[in-house]
Amino acid sequence: MDASASNANNGPVSVSSFCHGRSFRLSACLRLPVLHSLISQMYRLVSPLLMYWSTLATIATNVQVTIPLTEPSGAAYLTPSLLSFSIEQDRWVDWAGIPKKNSFFYNTLDNLRQLTGEPPWIRIGADSEDHTNFNPQVQYAETIFPPYTANVPYPEASNITVGNNFYQIVEHLPEDSHVMWGVNFRENNITAAYLETQAIIKAFDSPTVKAAGISLDFLEIGNEADLYVKNGGRPNGWGVSQYVSEWTDFATNLSAIIGSSTNSRTKFIGGAFAYSSHNNPGLSPQTIFNAGILDSKAGSHIKVISQHHYSGSFCTGSGDLLQNLMTKSTIRSNLSSFSPDIDATFEQGLEYILGETNSYSCHGAPGVSNTAGAALWALDYTLYASQIGISRVHFHEGVGYKYNLIQPLTLNRSILDGSPLDSPLLPHVQPAYYAAIIAAEAIGSSGSTGAIELSINNSRIAGYAFYEDDILVRAVFINSQAFLASDTDRGCVHIDLNFDGSGFVPRTMSIKRLSIGHADDVSGLTWGTQSYETSDARPNGTEIVEKSLVSAGVVIKDTEVVLLNFDNHHKNSNQPCRLIT
C-alpha cells in the first residue's frame, strides 16, 4: 500500500497541519478531537519509516550529513541529458528499427525525456564507424561480422556498407533529439568520409527529421585514433603531428558539406581517444592543442572534446570483483585522472564529455557489468563526473553487450558466453538502466538544476544535493556496499540530516528507494516499487514513496539508493494557519 495513501478514518496527511511559518497558541488552533486526529496523522506520517527500520538488520553506524540550504557558488550545472548514450554503428538499423521505429528503444529514451524534458543525446559510431563505407545502391546496411567468442559473444562488424536510408531512420528517435555521428577516419580515405557526411546531412535536412526537431549537433572524425598504430590503421611512428594534419584535411573537406561557420549548428568533436597521454607524448587534449588543431578554420569549429573511458578491461577474460567496480573511492580516482585534460579543455573555452564509456571494455564482464551493482556504479559515476566538469556521460551500447543499459531486440545467444539460449531473450532493460531513470528524476525538468557532492565521512556512502532556483529540492544517497547472494547479514546506515546556511529548513520529505535483492542480481529491481523490466520498457506498478519527518533522517541498506524530495513550503510560509483534517 502507498505509504502516503489515505485511510478511511483520517484522510490524507498534510504538512499544512503543522501551521508552517507561524508561532501560535495550541488552544487557539486546535480542539481536543482535532488534536487526536493530528496525532494520528503524525503517526501515519512516520510509521512507514518505523516499519522500514524494523525489517532491517542492526544499524551499523550513524552518519552525519550537512546539506547547504541554498546552492553553493561552486555547484555544477546539470544538463538534462547528463546521462546519454553511445550506439555502436554496425547495428544502428536494429536500434532505430525498420521499416517502423523500434518502439522498445524509443520508449527507453522517452522515459527519460518525460522526466527531464529532454531526450538523452545519441552518439552513433564507435569502432564500426571506422569500418563503414557508403554505397547509394545499398538500402540500409550490409555487414560482415567476425566469429564470436565466449569473451565477446557479440563482436563489432569488421565491414559495414551503408546507404541513404541507414541515416534517414534517425527520424525514429524521439522529437528534439540531439545526435553526434561518426565517420570513417581510420582508412584515411577522404572520399569515403565525404560520401558518408553527404548522406548524413541529406538525412538531417529531410522534412521528416526537421519536423521532429532532431538535430545533428556534432560530426566525429574517427574513433580512438590513438589506437590506429596498434590496430594497423597507421604505420609505426605516426603521432600527434600527423594526426592533426590529417584530421585538419578531413575537417576542411567535410566543412564544405556541413556548412561549418559561426552560425552553423553542426560542429566538430575533438579527440574521441581511447586513452589520454595528458601532457606526455601521445594523443590527448593538451598535445593536440599544442600541435595547433584549433588554429585552422576547420579546427576552430571544434566545440567539444570527447574522451573515451572504461573502468577496466575484460578483453583478456579476467574480470574484476563487483565490489571493486562499485567502490566510491575507485570511481573518484578513476575519473579524477582526467582533471588535467578537463582543465586544459576549459582553458580553450570548450566543453568536455565522456563520448563513450561504460564499466569494462570489450563489452563488459559477466556477473559484474550486467548486475544490479552496476546500477549503483553507473549512478555514482555519472553524478560524480558532473562534479569535475564533465557535461555529458555517453554510456556505450551495442546489441548483446554485457554492459548495456538497454537490450533493444530479441537475442538467441547468451550475452555472457555466446551459448545458445533455450528460449529467445526478448528486448529488455538491464539493471544499469535504473541509474538513468534515477539521474533523470534527480535532475528534474527545470532546465537549470545545480548539484554538489556532499561531504560524507563514510567510504561506502555517496551523496548529492540538487538545487532549483538556488533552493535545495532533492538529495540522492548511494550505499555502495555490495550485498551479494552469498551474504547472510545485510547492513544498513542511518543518515542524520543537518542543514547549513540561510534559507527555509524543510520539515518533511518523501523517500523513494531503488530496491535490490542482491548486488549480483540481474533482474528484479524496482524504483519506488515500479519496475521498468517490462515488454515495452514502460514502468509497471503503482509508485510508492515513504513520507517522513526530515528530523528522523533516513536509513539506507547496503546496495541501495534513496532519493529524498524535500517538501519546501517557503513560497507560502506566511499564509494564515489552516488545519487540514
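**Close-up 1. Val179 and the residues around it in this predicted model.** Start with the company Val179 keeps: leaving aside neighbours within four places in sequence, Val179 is in contact with Ile122, Ile124, Val170, Leu173, Phe204, Ile214, Ser215, Leu216, Asp217 and Phe218. This residue lies in strand β8. Is Val179 buried or exposed? With a relative accessibility of 0%, Val179 counts as buried, because the cut-off for that word is under 20% relative accessible area. Pro120 is 59 residues away from Val179 along the chain, yet their C-alpha atoms are separated by 9.3 Å.

**Close-up 2. Strand β4 and its two partners, β3 and β8.** Now have a look at β4, which covers residues 122-125. On one side, β4 pairs with strand β3 (residues 83-88) in the parallel sense, over four bridges. Here Phe85 stands opposite Ile122 of β4. Strand β8 (residues 178-183) also runs parallel to β4, and three bridges join the two. In that pairing, Ile122 stands opposite Val179, the residue from the previous view. In a regular strand, side chains alternate between the two faces of the sheet. Both faces of β4 are covered: Ile122 and Ile124 are buried on one side, and Arg123 and Gly125 are buried on the other.

**Close-up 3. Ser306 in strand β11.** Find strand β11 (residues 302-313) and pick out Ser306. Its relative accessible area is 1%, so Ser306 is buried. Which residues does Ser306 touch, leaving aside neighbours within four places in sequence? Its contacts are Ile269, Gly270, Gly271, Ala272 and Phe273, along with Ile353 and Gly355.

**Close-up 4. Helix α4 packed with helix α14.** Two helices are shown here: α4, residues 103-116, and α14, residues 433-443. Their axes are 8 Å apart and make an angle of about 20°. That is why α4 is roughly parallel to α14, since angles under 35 degrees get that label. The crossing of α4 and α14 is right-handed. From α4, the residues involved are Asn107, Thr108, Asn111, Leu112, Leu115 and Thr116, and they meet Tyr433, Ala436, Ile437, Ala440 and Glu441 of α14. Sort the contact of α4 with α14 by class and you get six nonpolar, four polar and one charged residues. To see how such a pattern arises, remember that an α-helix has 3.6 residues a turn, so residues three or four places apart point the same way.

**Close-up 5. Helix α14 and its surroundings.** Stay with α14 for a moment. How many of its residues are buried? The count is 11 of the 11, so α14 is largely enclosed by the rest of the structure. Among these buried residues are Tyr433, Tyr434, Ile437, Ile438, Glu441 and Ile443. Just after α14 comes Gly444, which has a positive phi, near 75°.

**Close-up 6. Helices α11 and α13 crossing.** Another helix pair, α11 (residues 328-336) and α13 (residues 372-387), crosses at roughly 45°, with axes that come within 10 Å. The two are therefore oblique to each other, and α11 passes α13 in a right-handed crossing. On the α11 side, the contact is made by Lys328, Ile331, Arg332, Leu335 and Ser336; α13 brings in Trp377, Asp380, Tyr381, Tyr384 and Ala385. By class, the contact of α11 with α13 has six nonpolar, one polar and three charged residues.

**Close-up 7. The open sheet β5-β7-β6.** Three strands sit side by side in the order β5-β7-β6, with mixed pairing. What stands at the edges? The edge strands are β5 (132-134) and β6 (141-144), and each has a single partner strand, so one side of each is left without a neighbour in the sheet. Neighbouring strands of this sheet are turned by 15° against each other on average, direction ignored. Strand β7 (residues 159-162) runs antiparallel to β6, with four bridges joining them. One bridge to look for links Ile144 with Asn159 in β7.

**Close-up 8. The open sheet β1-β21-β25.** This open sheet also has three strands and mixed pairing, in the order β1-β21-β25. At its edges are β1 (61-68) and β25 (554-557), each pairing on one side only. From one strand to the next, the twist averages 35°. Strand β21 (residues 492-500) is joined to β25 by four bridges, and the two run antiparallel. To locate this pairing, find Cys492, which stands opposite Lys557 in β25.

Methods:
Residues are numbered from 1 along each chain as its sequence is written. This is a predicted model: local features need pLDDT of at least 70, side-chain atom pairs count only at pLDDT 80 or more; totals for chains, interfaces and linings use all residues. Side-chain values use heavy atoms; hydrogens and water are left out. Axes are lines fitted to C-alpha atoms, for helices over the stretch in contact, and angles run from 0 to 180 degrees between N-to-C directions. Angles under 35 degrees count as roughly parallel, over 145 as roughly antiparallel, 65 to 115 as roughly perpendicular and the rest as oblique. A crossing is left-handed if the near helix is turned anticlockwise from the far one by less than a right angle, and right-handed if clockwise. Contact means heavy atoms within 4.5 Å. Ala, Val, Leu, Ile, Met, Phe, Trp, Tyr, Cys and Pro count as nonpolar, Asp, Glu, Lys and Arg as charged, and the others, Gly among them, as polar. Buried means under 20% relative accessible area, exposed over 50%, partly exposed in between (1.4 Å probe, protein chains only). Two strands pair if DSSP finds at least two bridges between them.
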